[in-house]
Number of protein chains: 2
Amino acid sequence: MEKLSIDQVVAKLIQGIENKTLANAEGKLPSERELLGLYPISRYTLRQALNQLSKMGWIYQMQGRGSYVRGQNNHSTLIDQGDLGSNEDLTRGEKNIQTVHYTKRIITYGEALFLPSQKQFGPEQTFIELKRYRTLDNKPYLIDHSYYIPEVVGDISDAMVRGSMFEALEKEKQLQVGFIDKFIQSDALTATQAEFFRLEEGMPTLTVRDDSYLRNGELLAFSKIYYDYRLATLYMHKKLVK
Amino acid sequence: MEKLSIDQVVAKLIQGIENKTLANAEGKLPSERELLGLYPISRYTLRQALNQLSKMGWIYQMQGRGSYVRGQNNHSTLIDQGDLGSNEDLTRGEKNIQTVHYTKRIITYGEALFLPSQKQFGPEQTFIELKRYRTLDNKPYLIDHSYYIPEVVGDISDAMVRGSMFEALEKEKQLQVGFIDKFIQSDALTATQAEFFRLEEGMPTLTVRDDSYLRNGELLAFSKIYYDYRLATLYMHKKLVK
DNA sequence: AAGTGGTCTAGACCACGGG
DNA sequence: CCGTGGTCTAGACCACTTG
C-alpha cells in the first residue's frame with residue numbers, strides 16, 4: 001500500500017463515517033490501534049487526522065473509552081466560521097451566491113469608513129474600494145464592503161469582482177491568504193442598506209469585519225459584510241478539552 | 001532541567017513574547033532548532049506549542065522563512081470565540097459581569113422557546129429554565145436564556161446562578177463541558193428585552209445560540225444569549241494554511 | 001487488569017524561501 | 001545552496017474508563 005497523507009486519511013475517515021461502514025451501531029469508531037491496521041500510517045498521522053475531525057465536529061474522543069461519531073448539523077444552510085478554515089468566507093458549499101450590483105473606485109485613507117484593527121497607514125495611502133450587492137438564490141443576501149491594498153493586490157478586473165475575490169486572487173495572482181482576524185457584530189441598517197434587503201432603516205443586520213493577511217503576514221484587504229439577518233447564521237464548533 | 005508540558009511551553013513562549021526577549025527587532029522568533037536549545041523538549045512538543053500560538057493569533061509561521069510575532073488585538077474588550085477555547089463563554093479576562101436579575105423554573109418540552117440543533121426529546125421531557133439579566137461594569141450587557149437538562153445537571157442552587165454556570169458545574173458537580181455548537185445571528189429585540197437595554201423594540205441584538213455537551217457527548221444545556229449590540233463584539237482568529 | 005485515548009521522544013525526510 | 005518550517009515514522013509511557 002502507498003503512503004497516505006493526513007488529508008487523505010481525513011477524507012477516508014469522513015467517507016467511512018458517511019457510508020456508515022466505519023462506526024458500529026452505537027456510533028463507536030474502531031480504536032486507534034485498530035484503525036492503524038486499516039491504513040498504512042503511523043499513529044501520529046492518524047491522530048492528526050482524528051484531531052481534524054474533532055475540530056470539525058464530526059467526532060468526539062474520550063480518553064479511556066474511544067471515539068464516537070456525532071450527528072451532523074445542516075451545514076448547507078449555515079456559514080461555517082469554524083476551526084477547519086477550508087477556504088473562503090461564504091462561497092462554501094454549493095451556495096448560489098451572485099453579485100447583482102457593484103461599484104469599484106480608488107479612494108484615499110481619509111475616505112475609508114472603517115480601518116483595519118492592527119495596521120497603521122499614512123494619510124497618502126490609497127485603497128481600492130469595492131461595494132458588492134449579492135444574492136443567495138436570487139434573494140438579497142449580503143452587502144460586501146471591502147478595501148484592498150493596491151500595492152499588494154495590483155489591479156482588480158471586473159471578472160474577479162463577480163465571484164469569489166480570494167479564489168481569484170489565488171488563481172490569477174498567486175496570492176494566498178494565511179490568516180484572518182474576524183470581528184462579528186450586530187448593527188442597525190442604514191437607509192441605503194435597508195432598501196437592498198427590503199427592510200426598514202434601523203432594523204438589524206449581522207456584520208462580519210475581516211482583516212485578511214497573506215501567508216507572509218502582510219495585510220491585503222479589510223472588509224465588512226452586512227448580512228440580511230433573516231437569512232444568515234454563523235456556525236462554529238468549539239472543542240474545549242484537549 | 002525538568003521536562004516541560006506543551007502548556008508550560010506555551011506559557012513560556014507567551015511570556016518571552018510579552019517581555020520582548022524572544023523575538024528580534026523585526027519580530028522574528030528564533031528558529032525551531034534554536035528554540036529546542038532553550039527548552040528541554042522534543043520538536044513535537046515545541047511544534048504543538050507553536051501551533052497553539054498560531055491558532056491564538058500570537059504568531060504566524062512561514063515555511064522557509066521562520067516564525068514571526070503579530071501585534072495584539074484588544075482582547076480585553078472583545079469576546080473571544082476563537083480557537084483557543086480556554087474556558088467559558090464570556091467570563092473571560094477580567095470582565096466585571098454581574099447578574100442583576102434572574103428567574104428560574106421547571107418547564108416542559110412544549111414551553112421551550114427554542115430547542116437544541118441535534119437532540120430529540122420526548123414530550124414529557126422537562127428543562128430547568130434560567131433567565132439572567134447581566135451587566136458589564138454596571139451597564140446592561142446581555143440577557144442569558146438557558147435550558148439545562150435536569151437528568152444531567154441535577155439541582156441548580158442560587159449561588160451558582162450569580163456567576164459562571166459552567167465554572168460552578170465543574171467545581172461543584174464535576175461536570176466538564178467537552179464541546180459546544182454555536183449559532184450566531186442578529187435579531188430584533190422584543191419589548192421586554194429592549195427595556196433592559198434601554199433600547200426600542202425591534203432594534204438590533206447580537207445573539208449566540210449554544211448547545212453545550214459533556215466530554216462523553218451528552219447534551220447538558222442549550223441557551224441563547226442576547227447582547228446589547230452597542231457593546232458586544234465577537235472576535236475570532238482564523239488560520240487558513242497548514 | 002485490560003484497553004482506550006493523551007503526551008512525549010528521537011530521528012528522518014520533504015517543501016519552501018532567499019541568498 | 002542552506003536554513004527554515006511541514007510531514008511522517010516507530011516507539012514509549014501516562015491517564016482515564018470500564019469490567
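These questions and answers cover a predicted model of two protein chains and two DNA strands.

Local features need pLDDT of at least 70, side-chain atom pairs count only at pLDDT 80 or more, and totals for chains, interfaces and linings use all residues. Residues are numbered from 1 along each chain as its sequence is written, chains are lettered from A and ligands numbered from 1 in the order in which they are written, and side-chain values use heavy atoms, with hydrogens and water left out.

Visitor: How far apart do the C-alpha centres of domain 1 and domain 2 of chain A lie?
Guide: Domain 1 of chain A spans 6-72, and domain 2 spans 76-235. These bounds come from an automatic or database domain assignment. The two C-alpha centres lie apart by 35 Å.

Visitor: What relation links chain B to chain A?
Guide: Copies are superposed by least squares on the C-alpha atoms of residues with pLDDT of at least 70 in both. A rotation of 180 degrees with 0.0 Å of shift along its axis puts chain B on chain A, with RMSD 0.0 Å. That is therefore the relation of a two-fold axis.

Visitor: Which residue of chain B comes closest to the rotation axis?
Guide: The distance is taken at C-alpha. It is 2.2 Å, and the residue is Pro204(B).

Visitor: Which element gives the most to the surface near DNA strand C?
Guide: Near means that a heavy atom of the residue lies within 4 Å of the strand. Helices (H or I, at least four residues) and strands (E, at least two) are DSSP runs, numbered from the N terminus. α2 (32-38), α3 (43-56), β1 (59-62) and β2 (66-69) of chain A, plus α3 (43-56) of chain B, each supply at least two residues. The top contributor, with 3 residues, is α3(B).

Visitor: Which residue has a polar side-chain atom 2.7 Å from a base nitrogen of DNA strand C?
Guide: A polar contact is a pair of N or O atoms within 3.5 Å; within protein, one must be able to donate a hydrogen and the other to accept it, and residues adjacent in sequence count only if both atoms are side-chain atoms. Ser42(B) reaches a phosphate oxygen of strand C at 2.7 Å. Arg43(B) lies 3.3 Å from a base nitrogen. The residue asked for is Arg43(A).

Visitor: Where on DNA strand D does a polar side-chain atom of Gln63(B) lie 2.8 Å away?
Guide: Arg47(B) lies 2.8 Å from a phosphate oxygen of strand D, through a polar side-chain atom. The backbone of Ile6(A) also has a polar atom 3.2 Å from a phosphate oxygen. For Gln63(B), the partner is a base nitrogen.
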